[in-house]
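I sat down with this model today and kept notes as I went. Here they are, entry by entry.

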Amino acid sequence: MRIGIVGAGHIGGTAAKLFARAGHQVAVSNSRGPATLASLVSSIGTNAKAMSTIEAVKFGEAILLALPYRKVDALPPGESFAGKIVIDATNPYSATGGVMSLGESTSSEEVAKRMPGARLVKAFNTMGWNTLASGARPAHEERLVVFIAGDDGAAKATVAKLIDEIGFASIDTGSLREGGHRQQPGSRIYGRPMTVREAKQILG
Ligand SMILES: NC(=O)c1ccc[n+]([C@@H]2O[C@H](COP(=O)([O-])OP(=O)(O)OC[C@H]3O[C@@H](n4cnc5c(N)ncnc54)[C@H](OP(=O)(O)O)[C@@H]3O)[C@@H](O)[C@H]2O)c1
């Protein structure tokens, strides 16, 4: 699969490596331009390219949003995401590190509003990047969970397959609204590496 990655820091850079290792083509992008991503791309190998953000969005059948939530307004126009699977790893932290108040809404619902037609799945937002970097396990071992939420079942199935291919288990927490709340910062499954068994105990 072609995966465009917007934000090539802790989460985006780590996910790019894992997706490329699983055989996918990745295009990484950041705010400063492709020239600044040369060393990341060479460390990943032939499955990776650096592009501008808009090029990475055009390139991807799936797009991973791995930039700060407060920078989402700087993303390419919403229509460039139409029809694509958008994996939203962002969390609504302010520049000072506090969790932003979104009222009844969730961060992924707010992201979805600015890209109508995108097939948005909230995923990779609850797991710390260092766990993502080192926590992959073979299928026969008890794997750590990457939670997914969204309203498009087929998109969630594709993201679940990607998660399996990189060595993690997925658990569907529900719709963008309900699952999104379950996956927000401060929730019982946020920021705690856990196996499927542990996650099911917590979620009930
Ligand atoms: N760190 C974690 O463990 C973790 C875990 C789960 C979820 N998350 C979420 O994942 C997101 C990224 O976190 P991170 O820790 O990976 O941050 P990070 O290491 O600071 O990386 C952020 C990346 O976003 C890029 N970026 C910033 N503004 C951009 C823009 N307008 N267009 C394109 N790219 C832009 C940055 O590029 P430049 O350097 O060129 O500005 C950088 O590559 C956040 O929303 C965070 O809440 C983080």
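Which residues are exposed on the other side of H6? I bore in mind that this is a predicted model, then looked them up: Gly 153, Ala 154 and Lys 161 are the exposed ones on that side.

**Entry 1: the helix itself.** I noted that H6 runs over residues 153–165, which makes 13 residues. From first C-alpha to last, H6 reaches 18 Å, close to the 18 Å expected at 1.5 Å a residue.

**Entry 2: its buried side.** I listed Ala 155, Lys 156, Val 159, Leu 162 and Ile 163 as the buried residues of H6. Viewed down the helix axis, the buried residues fall within an arc of 115°, so they line one face of H6. I was pleased to have a lysine on each list: Lys 156 is buried, whereas Lys 161 is exposed.

**Entry 3: what covers that face.** I looked up the cover over the buried residues of H6, and it includes helix H1 (10–21). Strands also take part, including S5 (85–88), S6 (119–123), S7 (145–150) and S8 (169–174).

**Entry 4: the glycine after the helix.** I followed the chain out of H6 to Gly 167, whose phi is positive, near 100°. Gly 167 sits in the loop between H6 and S8. Is Gly 167 buried or exposed? I put Gly 167 down as partly exposed, because 19 other C-beta atoms lie within 10 Å and a buried residue needs 20 or more. Beyond its neighbours within four places in sequence, Gly 167 is in contact with Ala 136, Arg 137 and Arg 143. I also checked Gly 167 against Leu 18: they are 149 residues apart in sequence, yet 8.8 Å apart in space, C-alpha to C-alpha.

**Entry 5: the core.** I found 57 residues in the largest nonpolar core, where Ile 5, Val 28 and Ile 87 have the most contacts. H1 gives the most to this core, with 6 residues. I then picked out Ile 5 and set aside its neighbours within four places in sequence; its contacts include Gly 12, Ala 15, Ala 16, Val 28, Leu 64 and Ala 66.

**Entry 6: the ligand.** How many residues surround the ligand? I have 25, the closest being Gly 7, Gly 9, Asn 30, Thr 90 and Asn 91. By class, the shell has 11 nonpolar, 12 polar and 2 charged residues. H1 turns up here too, giving the largest share of the shell, 3 residues.

Key
Residues numbered from 1 in each chain as written. Predicted model: local features only at pLDDT ≥ 70, side-chain atom pairs only at ≥ 80, totals over all residues. Helix = DSSP H or I, 4+ residues; strand = E, 2+ residues; numbered from the N terminus. Expected span 1.5 Å × (residues − 1). Buried ≥ 20, exposed ≤ 12 C-beta atoms within 10 Å, placed from the backbone. Arc of directions from axis to C-beta. Contact = placed C-beta atoms within 7 Å. Core = buried A, V, L, I, M, F, W, Y, C linked by C-beta atoms within 7 Å. Near = placed C-beta within 6 Å. Nonpolar A, V, L, I, M, F, W, Y, C, P; charged D, E, K, R; others polar.
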